[in-house]
Amino acid sequence: MAEKKLAIGYIGNGKSTNRYHLPFALNRKDKIKVKMIYQRNLRKSDWEVIEGVKYTDNLDKLLRDEEIQVIIVCTPVAAHVPLVQKILAAGKHCVVEKPFTTSLAEAEELFALAEAKGLVLECYQNRRFDSDFLTTQKVIESGKLGTLYEVNMHYDYYRPYVPEGEQKYDRAKAFLYTHACHTVDQVLSYFGKPREVVADVRQLLGRGRMNDYFDLDFCYEGLKVSVKSSYFRAKPRPSFTVYGTRGTFIKETEDRQEADLKKFYLPAGHEDFGMDLPEHYGTLVYYDEAGQYHEEKVPSVRGDYARYYDALYETIINGAPPLVTKEQTLQQMSILEKAEERLGE
């Protein structure tokens, strides 16, 4: 018997939909059917039309389509709340790009509405399937580092023109909200809820300007996990550095899926999509139980954002628990709101 397919619609036809969703949804054709994409102006698009997909500028047509089970919102965050409300009111499951909303109160309101209607509502956290993150997990779970006591995660850029182009603070464009939403979720998904979060959030160009730097310390029993990012790092720090009582793991380079996507080198038809080369492998240094020193390269675990769609399929079609839970999303929104309070201190 043929496997039942999950029919999907998208709101938005820009970079988010075409770069970070469609290449992976379309690579699961045995499970996923991309039915329709809504965009406000059908005459204006920078992206090629996909054969077999319907395009519409009529939102009601998307919402009323009886075959579509889940709608994915790929718009700027300011539009998320009213769109999700319409999707849930239409009886559709919903996935929302990150950042989920711009406030904890908004997120709580949307989850309450979804629960009242018995619908799935999730944040799209594809970065759980980054190669560098998955490889770091493999090293931690090998036990070679001994007892873990510190993890540093960096997500750096040198893009000064971004904060220089913003003359006032806007939460929806804050680096804290637009980028910490990736790494904070990685921390929460793997290490769980922290005992405390200590935040250093800055506006390097001056008070009242764009937030362009953050440093968040997640405190657990015997462990500190730090998430650090900046728009002003001419040389990025290692993606991950992990310290244990018997060793250290350093992964210099980040996941390569985005780099391939930017070159339109897509997962379909390319077995080496997103794969690290040996020069990208992380370095593990440790002392074994006999006190012998080891230094070795760690082949990277393959990243694959399509695994988010695998999980979404299992949740909606087979009733599996959601990959990204309500509690994790609300924890993240609470952490970001409290961290923002440190601006200007």
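Two strands count as paired if DSSP finds at least two bridges between them, and the strands (E, at least two residues) and helices (H or I, at least four) are DSSP runs numbered from the N terminus. With that in hand, take Thr283, which stands opposite Lys297 in β14. The link from β13 to β14 is made of six bridges, and the two run antiparallel.

A word on the source: this is a predicted model, where local features need pLDDT of at least 70, side-chain atom pairs count only at pLDDT 80 or more, and totals for chains, interfaces and linings use all residues. Residues are numbered from 1 along each chain as its sequence is written, while side-chain values use heavy atoms and leave out hydrogens and water.

Now zoom out to the sheet. It's an open one with eight strands and mixed pairing, ordered β8-β9-β10-β7-β11-β12-β13-β14. The edges belong to β8 (196-202) and β14 (293-298), each with a single partner strand, so one side of each has no neighbour in the sheet. On average, neighbouring strands are turned by 10° against each other, direction ignored.

Lying across β7, β8, β9, β10 and β11 is helix α8 (residues 175-191), which runs at about 20° to β9 (213-220). Angles here run from 0 to 180 degrees between N-to-C directions, with axes fitted to C-alpha atoms, for helices over the stretch in contact; contact means heavy atoms within 4.5 Å.

Two backbone oddities are left. Most residues other than glycine have a negative phi, and most peptide bonds are trans. Phe264, in the loop between α9 (257-262) and β13 (282-287), has a positive phi near 60°. The Lys98 to Pro99 bond is cis, with omega near -5°, and Pro99 is in the loop between β5 (93-96) and α5 (104-117).
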